[in-house]
Amino acid sequence: MTDPGPSPSPEQAAQTGTLAAALAVKQRAGGFMVPLATVVLAFLMGGVVVAATQHSVHKALLAYQDIFRGAGLNWIFHPTTNILNIASYNLSQTLLQTTTLILTGLAVAFAFRCGMFNIGGQGQYFVGLIVANWLGVDLAGLSPLPHILLAIAAATLAGAAWAGIAGVLKATVGAHEVITTIMLNWIAIWVGEWLFGDGGPLQNSTQQFVPVSNNVAKSAQLPVFWGTQGFQGLDIGLFIALAALVAFWALINRTTLGYEVRAVGFNPDAAAYGGINVKKNLIRAMAISGAFAGLAGAVDMLGYLYRFGQLDIPVSQVGFLGIAVALLGRNTAIGTMLGALLFGGLLYGTTHGLNATSVIQPELAGNLTYIIQGLVVLFVGADVLILYVWNSRKRLRAQRLPKTAAAPEEAAA
Amino acid sequence: MNTWAARLDNPLSARLRDPATSGYAGILLAAFAAFLAIPPIEARTVTWPILVGVVAAVLGIWTVTRGRRRLGWGAVAAGVLGIALGILATRSGTGNLQSVFDATLVAQTLGLATPLVFGSVAGIFSERSGVVNIGLEGMMLMGAFWGVYGADKGGTWAVGLLVAAAVGGLLALVYAYFAIHLRSDQIVGGTAVNFLALGITGYFYVQLYNNNPIPNGVSLLPNVRIPGLANAHFFGQAIGDLNILTWASFVLVIAAFVVLFKTPIGLRIRACGEHPRAADTVGINVYVVRYGCVVLSGVLAALGGIYLSEGPQGNGTFIFNMTNGRGFIALAAMIFGNWRPAGAFGAAILFGFSSALALKLQVYSPQAATLFQILPYVLTLIAVAGVIGRTVPPAADGKPYKKQ
């Protein structure tokens with residue numbers, strides 16, 4: 001990966017204050033090790049909570065073993081394509097969650113690359129979900145391929161437009177994107193409550209007092225390649241998400257657009273001086289970011305949900321989980337994939353993957369996911385901690401060298 | 001913008017000639033236009049709302065021609081909105097109107113605004129000292145759960161209040177350590193606080209109550225009756241019998257205003273939020289001020305949270321993710337009120353009013369009631385977009401400070 005222009009020293013970058021600059025520091029500060037350490041620390045602290053409340057360290061270890069099995073990760077010890085095998089079923093479910101989290105993670109990561117914090121992934125996801133449901137139900141009668149393509153394209157564009165509002169407000173009047181995306185989140189949530197609620201435009205046509213939408217038409221449902229259609233089989237949405245990962249990597253690293261977006265992220269003033277239209281890039285980055293989240297909504301709706309209800313809205317946290325995924329993955333394509341796999345496993349492994357014989361009840365374990373997620377985000381955000389460890393190594397080296405020799409090395413670092 | 005002192009020096013006639021005056025008068029008149037059609041005035045012809053609304057719009061246009069474009073167009077928009085609402089109100093039945101716009105609406109508005117007032121004042125303290133607090137939602141949620149737990153185990157609501165305040169302060173202290181000492185990104189840290197609170201409250205609710213509802217009969221936050229007022233005709237129902245925390249929220253707003261703007265401590269807090277380096281130079285310990293403000297913020301937010309579980313609406317129960325965005329509405333109220341206690345209070349009342357109206361409308365049109373919930377967020381979007389005035393955060397808000 002190439003940085004635009006000469007890169008400042010970590011301390012300087014941290015002090016210029018832009019988010020992307022600070023993240024770039026972390027990118028160089030510890031490679032793969034820091035996210036790994038973050039995850040280990042978060043799991044350790046989550047384990048302490050379990051051990052303390054269950055009064056047994058052994059039980060905490062067993063709980064993690066249950067979660068590992070619940071996520072279907074024990075499948076690697078005896079791989080089989082037979083979906084009736086419990087491990088392979090659990091794995092397919094984990095991969096369904098991973099699909100969503102890859103896309104919502106990319107949504108957060110792309111905005112980060114442009115120095116913006118898109119906290120509105122959840123809202124953009126809902127907008128995509130709603131549009132996909134609407135077109136999936138209303139355009140019944142179309143043949144499958146155009147129906148699917150149309151619904152996905154419309155949902156993606158809707159997500160882009162929703163995030164684009166925040167981008168436009170940032171570019172034109174300087175409204176902080178965190179505030180605007182939070183507000184847009186809640187607007188999307190309440191619009192969803194209205195649409196799917198009793199008497200709402202998208203409520204199902206048969207049961208008047210059930211606040212759930214219609215099922216999307218067969219022609220709009222994504223083909224399933226592992227498992228059974230209609231029973232949460234693993235659909236081709238996984239490949240769409242993987243394609244999105246490649247597209248993200250190519251867009252960021254191999255196009256002019258990506259170069260401009262990163263340049264604005266590193267230092268908007270320098271980018272403007274270099275002839276890059278900052279406002280245009282802010283809007284563009286936010287819209288592309290929203291497109292990923294909208295796509296996530298479409299893939300979920302057409303892939304395995306098929307319908308959505310008022311009661312599902314407050315439960316869904318995938319847009320917010322995307323923040324943890326992106327931060328843990330350091331806003332890179334490969335990192336986002338690994339982060340999504342981790343949180344996808346956690347999400348499924350702590351809830352539906354558990355059963356009555358588990359050491360820790362699913363209701364309890366599901367909340368453990370949020371605790372671990374919170375800890376991961378908390379530790380990942382503490383870049384000074386990482387910087388301190390990283391720089392103390394350098395300081396030690398500098399102390400051994402004569403002062404004159406150390407100075408140019410620090411300037412170059 | 002004139003300072004207060006300069007304004008007081010001006011004669012009244014000069015202040016009336018100020019374009020801002022006609023703009024604000026227009027907005028007030030627009031509100032009055034809508035108000036005309038509802039009880040207690042309840043004009044039954046559309047003439048009056050239209051007439052007053054048009055006057056408001058004209059005042060707005062006059063303001064535009066004299067240079068205050070944003071304010072002027074705001075007044076025009078308000079005038080049109082006032083006419084529309086007025087017409088709508090005159091078209092609906094008198095019976096409906098009276099059952100929606102009665103004294104209990106006032107009481108409900110104040111009740112629903114209470115957690116928002118606590119939350120927004122909490123946010124003001126934190127952000128005025130230079131620390132962004134996205135984690136208000138999480139701190140409120142902690143207050144909601146640990147407050148009802150404290151009241152249940154301690155036997156009385158007072159214990160609940162103390163436990164809520166302590167836990168909220170503790171979570172804020174953790175956040176403060178990451179935001180101030182480790183200089184981690186404050187938005188990321190605040191997001192983490194929200195996740196953590198969601199997980200911790202959910203986990204311990206299942207663990208401590210075995211996934212059963214909290215038993216009935218938990219000691220609740222009491223209402224305080226004002227003896228002379230409670231039996232008065234309209235005001236008795238409206239404000240005669242409010243919850244103790246609702247009364248406390250009024251006191252809090254005044255106290256926050258006095259502390260922030262009339263005392264040396266407030267000056268120090270604001271200095272840390274505007275220019276920490278300058279504050280440091282004159283001997284203010286920026287870290288101590290910020291730690292104090294963030295912890296205070298956590299305590300206040302948790303007190304707003306306990307109102308949800310232990311107040312009249314919560315009735316001593318806890319539900320997973322009980323705050324359901326109220327922390328973010330409080331954040332919105334803070335922004336809408338331009339980081340000032342009085343402004344935030346006004347915004348909280350406005351948002352509380354829209355929720356109260358939504359509750360009342362539930363009977364007539366559940367769909368309209370649901371859509372009404374969007375109002376606070378849309379208004380805040382409009383406010384940060386700078387269509388009506390402009391909101392300006394403290395200059396150093398969100399910027400970690402490093403001592404040199």
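Visitor: After which helix is V392(B) found?
Guide: This is a predicted model, in which local features need pLDDT of at least 70 and side-chain atom pairs count only at pLDDT 80 or more, while totals for chains, interfaces and linings use all residues. Residues are numbered from 1 along each chain as its sequence is written, and chains are lettered from A and ligands numbered from 1 in the order written. Helices are DSSP runs (H or I, at least four residues; strands are E, at least two), numbered from the N terminus. V392(B) belongs to the segment after α19 (375–384) of chain B.

Visitor: Does V392(B) count as buried or exposed?
Guide: A residue is buried if 20 or more other C-beta atoms, placed from the backbone, lie within 10 Å of its own, exposed if 12 or fewer, and partly exposed in between. Because V392(B) has 10 C-beta neighbours inside 10 Å, this residue counts as exposed.

Visitor: How far apart in space are V392(B) and N338(B)?
Guide: In sequence, V392(B) and N338(B) are 54 residues apart. From C-alpha to C-alpha, their separation in space is 6.4 Å.

Visitor: Which helix gives the most to the side of chain A that touches chain B?
Guide: Residues are in contact if their C-beta atoms, placed from the backbone, lie within 7 Å. Thus defined, 43 residues of chain A are in contact with 41 residues of chain B. The elements giving two or more residues to the chain A side include α7 (144–173) and α16 (362–381) of chain A. With twelve residues, the one that gives the most is α16(A).

Note on methods
Two residues are in contact if their C-beta atoms, placed from the backbone, lie within 7 Å.
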